[in-house]
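Biologist: Please take one part of this model and look at it closely for me, beginning with the backbone of a single loop and then moving outward from there. I am new to this, so a connected account would help.

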Amino acid sequence: MSDPLIPALVAMGGLATAGSVAADRLRRSTPSRGWRWWHTAAVAAGVLNVVLIVLRAYDTTPPRWLGQSFDVTILLATLVLAVGLVCALLEHFRGLDAFFLPLAAVIQAAAFLALLGPDRPVTDAPAWFVVHMLTLVLGTTCFVAGGTAALVYLALDRALRHKRRSKLAGHVPPLERLDWFARWMLTLGLPLFTFGILTGICEMVQADEPWAWMRDPVVLMSFGLWLAYAGILVAIWLQPRHRGRRGAWLATSAVAVVLVVFFVLNLFPAKHQ
Amino acid sequence: MRTIVVGCNHRTAPIELRERLAFDDTSCLAALSAVGLRYPCCETVILSTCNRTELYVARPNHGRPRIQEAIAVLADVRGVPLHEISPAMYHFVDSQAVRHLFKVTSSLDSLVVGESQILGQAKMALDLAKRSRTVGKALTTLFQRSFAVAKEVHSATGIAEGKVSIGSTAVDFARQIFAGFEDKTVLMIGAGKMGELTLQHVLETQPKRILVTNRTREKAEAVAHKVGGTARPFVDLLDLLVEADIVISSTGSPEPIVTRADIEQVMVRRRYRPMILLDIAVPRDIDGAAASLDQVFLYNVDDLQQIIETTHQQRQTQVAQAERIVEEAVREYSVWQDRRGIGPVVRALDSRLTEIGEGELEWLRHKLSDLEPAEEELIRQMVHRMTRKILHSPVEALNKNARNGEAKVYAETLKTLFKLPDEA
């Protein structure tokens, strides 16, 4: 699977179709309930992505899991898609899939940027590296999911404060539930992200030049992000006044930074890579 | 079959007349049976709501009742003199009747465009007709199609979006804020009529607790008793606000009774749990500045009226699109009905030609008495093939023109040319 372009494009087509149809349903006056054909299309795209990641891993000997930015980005798209599909299945969170599916398509499209850059050198992928990448991507998925829910919260809150009926009304969960979802996604994401960073640190201290790693932009930004999220979580859980609109602003701003870090730094060469 | 509808609604008849023509379930069943006895060959449905009373009839092409007879029967079963109801009655026939029913169930003909009650009422009307066995395939199909059209109109347009009363609008907003109401407390401040009406709507959400407070304790107790809540002293207002998630305020106080500072203090004590404040009072009871606080959603009577007005305007903008859907549905229904109507003509034509063929075969059998059975069978097959071939073109033309809506003309022509019976 040295040329991943076609299967990744097919999967992106599926995701884009599913995402656009799901988002278009928001304009309907009657919200769609339950599983629909576009969800099935999204599942097919997700399965194709997983197959692609596995085949690319086994393309080298020994297998190299998540060795390239492309694989990592595809995995992120697949996980965001999975969150969207779970939301479509759960009655309480139905409607959020209309945001997660298009977002997964955008992330998938961004994966193609990674193909433009030079391949990383083929090295062994030890277990710590796979765990490091996997936990970081899982953590990022939680942050992205929480941030997206927070963004929906802000849109709905804005309409309610402007004394008008939002187009989202009836299509997305109420504010209380969006707040809960965002809060718990962040809470779940931070330990995963922390574990990812810790595995990185463990390897870093064993490296030849541990302090040189500390100047790496990816490492610095990851620490910065960790601090930001830890601060947000402390604020949300210990000081209730940071819940609701204020918490949503914090989560949305943080997820914007996450995406910048993920896309910009992950797609450009750095010592980290 | 022909479909006719006679009736009156809020536009054509004053409420006094509508009241006299209105049916409850029992009188509706009795009326349907009476009409059924008088006109056993026709199907009837009576649709009776607070805004309309309509009699839908499907009868054979040249059967009865005619329009004036249908109006008379409606007057008769309600015991209202014919001359009193005649000026208020409208009537529609065939595709006009279909269009009218589609508009009625889609709530395009309602007092409040976009309301959804009428759909349930029409379903109930059909159900009553089924129970009294006065409805058959024609009206059942028509009504069921009208339900599908109504659903399509509601889902494809924004005609049913939003709410059109203060109470329901408030509940609509509360549903966008709270995930559930089973753990929520509703507080009513004051005992105003408007507040009570709003509370009735809020009660539909089945909150956990209802608290009522008023400067006059007896009034609070009276309202609390009526709604199954608890009366609490007015002096504890701030404590009550800490407990409450939905507050309805409608006192006659000339000054705000709750200030921004009060709400700020309350929000700290309730750990910033979201709170919806419905200030129905004029002058206002709650300081408008409180609306800027996080997790506080404050709506006064003007805000709610404005939302209702916007909803009305938005619904009106959707009417044209809804009518287009109805028109398309009427066209499709007429085509379907026409196609259904050509079946008997084709069958009659078929039997006419078969009859001619059989007659000619009989004649031939007398002339050629020494025919072998095999030869006779061959001739029979030839006659049958000729009949099929002659039939082919007219049937094809009928089917084709059914799609254009001209099948009736062709069917009538065939009936005249081949002297087919009227019932075809």
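Modeller: Arg271(B) lies in the loop between helix H12 (residues 260–269) and strand S9 of chain B, and Tyr272(B) is found in that loop as well. Please keep in mind that this is a predicted model, and that the angles I quote are computed from it. Most residues other than glycine have a negative phi, and most peptide bonds are trans. Against that background, Arg271(B) stands out with a phi near 55°, which is a positive value in a residue other than glycine, and Tyr272(B) likewise has a positive phi, near 60°.

If we go on along chain B, strand S9 covers residues 275–279, and the loop between S9 and strand S10 (296–300) contains Pro283(B). The peptide bond that leads from Val282(B) to Pro283(B) is cis, with omega near -5°. Chain B has a cis peptide bond between Arg64(B) and Pro65(B) too, where omega is about 10°; Pro65(B) sits in the loop between strand S3 (52–59) and helix H3 (67–78).

From the loops we can turn to the helices, and in particular to helix H13 of chain B, which spans residues 301–367 and whose axis comes within 10 Å of the axis of helix H7 (residues 137–156), the two crossing at roughly 155°. Angles over 145 degrees count as roughly antiparallel, and H7(B) and H13(B) are therefore roughly antiparallel to each other. Their crossing is right-handed. Among the residues that meet here are Leu142(B), Val149(B) and Val153(B) in H7(B), and Ile325(B), Tyr333(B) and Trp336(B) in H13(B). Sorted by class, the contact of these two helices has 11 nonpolar, 2 polar and 5 charged residues.

Chain B also takes part in the largest pocket, whose volume is about 1,300 Å³. It is lined by 47 residues, and those closest to its centre are Arg165(A), Gly170(A), Lys163(B), Asp172(B) and Arg175(B). The largest share of the lining, 5 residues, comes from helix H8 (residues 166–177) of chain B. By class, the lining residues of this pocket divide into 14 nonpolar, 17 polar and 16 charged.

Definitions and conventions. Residues numbered from 1 in each chain as written. Chains lettered and ligands numbered in written order. Predicted model: local features only at pLDDT ≥ 70, side-chain atom pairs only at ≥ 80, totals over all residues. Heavy atoms only, no water. Axes fitted to C-alpha atoms, helices over the stretch in contact; angles between N-to-C directions. Helix = DSSP H or I, 4+ residues; strand = E, 2+ residues; numbered from the N terminus. Parallel < 35°, antiparallel > 145°, perpendicular 65-115°, else oblique. Left-handed = near helix turned anticlockwise from the far one by under 90°. Contact = heavy atoms within 4.5 Å. Nonpolar A, V, L, I, M, F, W, Y, C, P; charged D, E, K, R; others polar. 1 Å grid on protein atoms, 1.4 Å probe; cavity = no way out; pocket = protein on both sides within 12 Å on 5 of 7 lines; lining within 4 Å. Points joined across faces, edges and corners; volume = space filled by probe spheres on them.
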